[in-house]
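Here is a short tour of a model with two chains to look at. Have the structure open as you read.

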Amino acid sequence: MAQREIEVILTRQLASCLTLPIFIVGPDGTLIFYNEPAEPILGHRFEETGEMPSREWATVYTATDQADQPVPAEQLPLMIALREHRPAHGVLWIRGRDQVRRHIETTAFPLIGQAGRHLGAVAIFWEVAR
Amino acid sequence: MIDVTIWGTRGSLASPGAETARFGGNTACVAVRADDTILVLDAGTGVRRLGASWPNGVRRVDLLLTHLHMDHIQGLGFFQPLYDDGMEVHIWAPASPTLDLRKRLSRYLSPPFFPVHLRDLDCRLNLHEVPCGDFSIGPFRISAALVCHPGPTVGYRIENAQAAMAYLPDHEPALGVTNFPGLPEWTSGYGLAAGVDLLIHDAQYAADEYPDHTGWGHSSVEHAMRFAALAHAKHLVLFHHDPAHSDHDIARIVDAAVATLHPEFQVTPAEEGAVFRLG
């Protein structure tokens, strides 16, 4: 079994210790880890699902704008960070498997390792107080 | 055949004295030899004696540094082949995100820390930044990969047709892991150590000392054993002994860990002068 890059391993370890929901995706958009606070968004525990390809995780929750119009997956900050290798921030409303509509802000940034290796991206979610 | 000779076992700080005479007081240095190819892993204070006994016919040396903490480079300026104009010296070590390897090494090999500048060494010096993918030196195939330790730090996997070894002298794979070890793919260093005949691994602390040193970049003896088990290493050499540990302490800590974990592989605390023959 191949080992992941150390930068990715350390990111997961940090995410595991934080109370903010965090998604980590690999270079091809596969969701390779989400922490426990992110589990209500996806409606599953990471131990149950393991990795999810982008076509799967992007459909698990619905992202909309303030007017309740769908936000295309390619416009999600996480996908922008992954595709354009730059940080991105957005204000969204998301409805996960639990059907709760959450007003969130999300910041995503690319994971760029030593020697400029593109290792994926990270998104941090912040639920705006209701 | 690969001969692995331990020239320095200690972590953090050299600690000579009667109480450390068995396992040794010099800091990290290991020589790996096959025929006339010699790799030197780290240049702690142990490298001085290695340089003083350098075989006459060998005109090239490759120094593979895991990182540039002082206990891994302090012997560099005292390594005799650096002052021999007939020697070809290659130093392999990690750059930082902002400084190349030459600038990083020059911080130590220049006044006021050392009287001789890196540029004034007599040998023909070549610097190589790692990790840079797999590379070959003589009969050895070598992999370097970043591992969990503060600052840019790599471990090395070295193999030839007969045997494989891994060198992870400063490594804290248990950092942030609730039940260590987790899955292999999520474990720092696993790719380097998988299935090796000999694993030289950080084992600085006793299990009860680790909680007060979490995040310092080192492992307990038990963590080293659990990591070796995960990687299916055949022989674990416990390395980077804490400078505060006497010979008696090390023996006691290792015996207790073996009694607790019952490893299915050989476990040996590193001793200065020990030689391991692989293949």
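A quick definition before the hairpins: strands here are DSSP runs of E at least two residues long, numbered from the N terminus, and two of them pair if DSSP finds at least two bridges between them. Keep in mind that this is a predicted model.

**Hairpins in chain A**

Let's begin with β4(A), residues 88-95, and β5(A), residues 101-112, which run antiparallel and are joined by eight bridges. Within that pairing, A:Leu92 sits opposite A:Ile104 of β5(A). Five residues lie between the two strands of this hairpin, and A:Gln99 there has a positive phi near 65°.

β5(A) also runs antiparallel to β6(A), residues 118-127, with nine bridges between them. Here A:Thr106 has A:Phe125 in β6(A) as its bridge partner. These two strands make a hairpin as well, again with five residues in between, and A:Ala115 in the turn has a positive phi of about 65°.

**The sheet in chain B**

Over in chain B, seven strands line up as an open sheet with mixed pairing, in the order β6-β5-β4-β3-β2-β1-β14. Why do β6 and β14 of chain B each have one side without a neighbour in the sheet? They stand at the edges with a single partner strand each, so one side of each is left free of a neighbour. Ignoring direction, neighbouring strands of the sheet are turned by 20° against each other on average.

At the β14 edge, β1(B) and β14(B) pair antiparallel over four bridges. One residue pair to look for is B:Asp3 with its bridge partner B:Arg277 in β14(B).

**Two glycines in loops**

B:Gly24 belongs to the loop between β1 (2-8) and β2 (29-34) of chain B, while B:Gly273 is in the loop between β13 (266-269) and β14 (275-278). Are they buried or exposed? B:Gly24 has 24 other C-beta atoms within 10 Å, so it counts as buried. B:Gly273 has 11, so it is exposed.

Each glycine also has a partner from far along the chain:

| Residue pair | Separation along the chain | C-alpha separation |
|---|---|---|
| B:Gly24 and B:Glu272 | 248 residues | 5.2 Å |
| B:Gly273 and B:Trp7 | 266 residues | 5.9 Å |

Setting aside neighbours within four places in sequence, the contacts of B:Gly24 include B:Thr9, B:Arg10 and B:Glu272.

**Where the chains meet**

Between the chains, 15 residues of chain B contact 13 residues of chain A. The chain B side of that contact has ten nonpolar, four polar and one charged residues.

Definitions and conventions:
Residues numbered from 1 in each chain as written. Chains lettered and ligands numbered in written order. Predicted model: local features only at pLDDT ≥ 70, side-chain atom pairs only at ≥ 80, totals over all residues. Buried ≥ 20, exposed ≤ 12 C-beta atoms within 10 Å, placed from the backbone. Contact = placed C-beta atoms within 7 Å. Nonpolar A, V, L, I, M, F, W, Y, C, P; charged D, E, K, R; others polar. Axes fitted to C-alpha atoms, helices over the stretch in contact; angles between N-to-C directions.
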